[in-house]
Amino acid sequence: MRDLNVVVVNYNTANDLERFIKSFVEFPVEKYRMRMMVENVDPTIEERVAVDRIVERFKGSLDVSVNHIGWNCGYAHAVNLGMGKLHESGRDDILLACNADVEVCEAGSVDECCDALVENHTWGVLGPRQTDGHGSLTHAGITGVASRKKLVGWRSRGGFTHVDENAPSVSGSIYFIKGRLWDELSDCFEQSPAGAFLLTPHYYEETFCSDHATAHGWKVVYYGPRTFIHRWHRASPVGGWAERQMKTSLALYREACESLGIEHE
């Protein structure tokens, strides 16, 4: 049985985190040995206590643990740190990075996404269809090429249940990646903490990972047959601090791509 290592990043959204973990109990992973790490970023004392209680509550049902990070390190740093704890280099496992405002909403969906990566040897990254829980799409695929990406289906309703195995990128909120590809990309571009997500303040961390994977000859796949919930902008409001980091993150992304000779936006 292969391992599935899940890192979920929480930033002051304990209620969302509780729903996230509970959804894995309601729709359990059957075919993979799953471990889950909560990376709890820059929590208040109250948030830390709340998250500890949530994790303790579900320990009887899942292999779940928590790591508290005492500063606002950013999504990529937290994901890389968590994957470093769960994933052993060289191990043929599946990794899953998630925001806390995500939920599993269909039986068998996590297993199917993992199976798709395992069964298709050229596939390295997979991102499923996502809605806000009320039917509006929050991820319906990205088309184009690395230098000209186009988000499709945003906030529309219905459709987009196809598979696109030539996507230039997929949403970082629910990001499946093969463990051996994670190692390959991490070894190619060294950072601290080591990992395949680019260390940016916010945004472009998974875009770099997808472009880097494509440059290494792997396919990045939008997987529309399975839907997850992603409520979007729960940890940071529209126009808030996170969005104001986009310009800085874009510059870091371009610099990283250019250092490796990778096509980029």
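This is a friendly exchange about how some descriptions of this predicted model are reached.

Colleague: Let's begin with the whole chain. What makes its radius of gyration agree with a compact globule?

Modeller: For 265 residues, a compact globule would have a radius of gyration near 18 Å, and the protein chain has 17 Å, so the two agree. Along the principal axes, the C-alpha atoms fill a box of roughly 45 × 40 × 35 Å. Within the chain there are seven helices and 12 strands.

Colleague: Now the helices. Why are α1 and α2 called roughly parallel?

Modeller: Their axes cross at roughly 10° and come within 10 Å. Angles under 35 degrees count as roughly parallel, so α1 is roughly parallel to α2.

Colleague: How do you know that α1 and α2 are in contact, and which residues make that contact?

Modeller: Contact means heavy atoms within 4.5 Å. On the α1 side, the contact is made by A14, L17, E18, I21, K22 and V25. On the α2 side, E47, A50, V51, I54, R57 and F58 take part. By class, this contact of α1 with α2 has eight nonpolar, four charged and no polar residues.

Colleague: And why are α5 and α6 called roughly perpendicular?

Modeller: The axes of α5 (residues 179–188) and α6 (residues 205–215) cross at roughly 95° and come within 10 Å. The range for roughly perpendicular is 65 to 115 degrees, and therefore α5 and α6 are described that way. Here L181, L185 and C188 in α5 meet C209, H212 and A213 in α6. That contact has five nonpolar residues, one polar and no charged ones.

Colleague: What sits in the loop between α5 and α6?

Modeller: P193 lies in that loop. A cis peptide bond joins S192 and P193, with omega about 5°.

Colleague: What makes N12 stand out in the backbone?

Modeller: N12 has a positive phi of about 60°, although it is not a glycine. You will find N12 in the loop between β1 (3–10) and α1 (14–26).

Colleague: On to the empty space. How do you know where there is any?

Modeller: Rolling a probe the size of a water molecule over the atoms shows where empty space is left. The second largest pocket has a volume of about 180 Å³. Of the 15 residues lining it, V145, A146, A167, P168 and T214 are the closest to its centre.

Colleague: Which elements give two or more residues to that lining, and which gives the most?

Modeller: β8 (142–145), α6 and β12 (219–230) each give two or more residues to the lining of the second largest pocket. With three residues, α6 gives the most. By class, the lining has eight nonpolar, three polar and four charged residues.

Key:
Residues are numbered from 1 along each chain as its sequence is written. This is a predicted model: local features need pLDDT of at least 70, side-chain atom pairs count only at pLDDT 80 or more; totals for chains, interfaces and linings use all residues. Side-chain values use heavy atoms; hydrogens and water are left out. Axes are lines fitted to C-alpha atoms, for helices over the stretch in contact, and angles run from 0 to 180 degrees between N-to-C directions. Helices (H or I, at least four residues) and strands (E, at least two) are DSSP runs, numbered from the N terminus. Angles under 35 degrees count as roughly parallel, over 145 as roughly antiparallel, 65 to 115 as roughly perpendicular and the rest as oblique. Ala, Val, Leu, Ile, Met, Phe, Trp, Tyr, Cys and Pro count as nonpolar, Asp, Glu, Lys and Arg as charged, and the others, Gly among them, as polar. On a 1 Å grid over the protein atoms alone, a cavity is a set of points where a 1.4 Å probe fits but cannot get out, and a pocket is an open set with protein on both sides within 12 Å along at least five of seven lines; lining residues have an atom within 4 Å of a point. Grid points are joined across faces, edges and corners, and a volume is the space filled by probe spheres set on the points. The radius of gyration is taken over C-alpha atoms; the globule rule is 2.2 Å times the number of residues to the power 0.38.
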